[in-house]
Amino acid sequence: QVQLVESGGGLVQAGGSMRLSCQGSGRTYTMAWFRQAPGKDRQFLVYITRSATDSYYADSVKGRFTISKNNAKNTIYLQMSSLKPDDTAVYYCASTSGYTLGTSESSYTYWGQGTQVTVSS
């Protein structure tokens, strides 16, 4: 069974930076970050392959957010910079159950509990 635990959320001022972490236990594959703002659907942000050799970003965060992975720790990170109030959301980590790629929620089998990120203006 795969478990994902996010950490690193909190309150930051607009223009600031924050790094989120997601530690996986069990066999993870493609791992991704999503976010969900109040009253909105969950939004794909970025994924990274199991080997960490490939990643794909949503246009909304390209250039501001960077995903990385420590394979030895089975942990992915999301470095966020130039944060805006619109980035306020609960951020979720997810993993597929095989060697698949995707940007939709349905592509991912395992989910973390989420971590709140609040960007103040």
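These exercises walk through the strands, cores and ring contacts of a predicted model, each with a worked solution.

Residues are numbered from 1 along each chain as its sequence is written, and side-chain values use heavy atoms, with hydrogens and water left out. Because the model is predicted, local features need pLDDT of at least 70 and side-chain atom pairs count only at pLDDT 80 or more, while totals for chains, interfaces and linings use all residues.

**Exercise 1. The open sheet**

Task: Work out which order the four strands of the open sheet have, and which strands stand at the edges.

Solution:
- Start with the terms. Strands (E, at least two residues) are DSSP runs numbered from the N terminus, as are helices (H or I, at least four). Two strands pair if DSSP finds at least two bridges between them.
- Next, read the order: S1-S3-S8-S7, with antiparallel pairing.
- Strand S1 (3-7) and strand S7 (65-70) each have a single partner strand, so one side of each is left without a neighbour in the sheet.
- From one strand to the next the twist averages 15°; axes here are lines fitted to C-alpha atoms (for helices over the stretch in contact), and angles run from 0 to 180 degrees between N-to-C directions.
- Now follow the bridges. S1 and strand S3 (residues 18-25) are joined by five, and serine 7 has serine 21 in S3 as its bridge partner.
- S3 and S8 share six bridges, and six also join S7 to S8.
- Finish at the hairpin of S7 and S8, which has four residues between the strands; asparagine 74 in the turn shows a positive phi of about 50°.

**Exercise 2. Glutamine 23 in its strand**

Task: Decide whether glutamine 23 is buried or exposed or in between, and find which residue stands opposite in S8.

Solution:
- Place the residue: glutamine 23 belongs to strand S3.
- Apply the cut-offs: buried means under 20% relative accessible area, exposed over 50%, and partly exposed in between (1.4 Å probe, protein chains only). At 47%, glutamine 23 is partly exposed.
- Look across to S8, where threonine 75 stands opposite glutamine 23.
- List the contacts (heavy atoms within 4.5 Å). Not counting residues up to four places away in sequence, glutamine 23 touches Gln3, Leu4, Val5, Lys73, Asn74 and Thr75.
- For contrast with this residue, consider strand S8: five of its six residues are buried.

**Exercise 3. Two nonpolar cores**

Task: Find which residues have the most contacts inside the largest nonpolar core, and which elements give two or more residues to this core.

Solution:
- A nonpolar core is a set of buried Ala, Val, Leu, Ile, Met, Phe, Trp, Tyr and Cys residues joined through side-chain atoms within 4.5 Å.
- The largest has 25 residues, and Trp33, Leu78, Met80 and Tyr91 have the most contacts inside it.
- The contributing elements are S3, S4, strand S5 (43-48), S7, strand S8 (75-80), S9 and strand S11 (115-120).
- Zoom in on leucine 78: beyond four places in sequence, its contacts include Leu20, Trp33, Val46, Ile67 and Tyr91. Isoleucine 67 also stands opposite leucine 78 in S8.
- A second, separate core of seven residues includes Ala32, Phe34, Tyr47 and Tyr108.
- As background, nonpolar side chains tend to be buried together in soluble globular proteins.

**Exercise 4. Rings and charges**

Task: Explain why the pair of phenylalanine 34 and tyrosine 108 ties together parts that are apart in sequence.

Solution:
- Rings of Phe, Tyr and Trp (its six-membered ring) pair if their centres lie within 6.5 Å; planes under 30 degrees apart count as stacked, over 60 as edge-to-face and the rest as tilted. The structure holds nine such pairs.
- Phenylalanine 34 and tyrosine 108 pair edge-to-face, 5.4 Å centre to centre, with 75° between the planes.
- Phenylalanine 34 lies in strand S4 (residues 31-36) and tyrosine 108 in the loop between strand S9 (89-95) and strand S10 (110-111), so the pair joins parts 74 residues apart in sequence.
- Check burial: phenylalanine 34 is buried at 1%, and tyrosine 108 is buried at 5%.
- Widen the view: ring pairs link Phe34, Phe44, Tyr47, Tyr56, Tyr92, Tyr108 and Trp111 into a cluster. Tryptophan 111, in strand S10, is partly exposed at 26%.
- Add the charges. A charge sits over a ring if NZ of Lys or CZ of Arg is within 6 Å of the ring centre and within 35 degrees of the ring normal. Arginine 42 sits over tyrosine 92, 3.9 Å from the ring centre, and arginine 50 lies over the face of tyrosine 29 at 5.4 Å.
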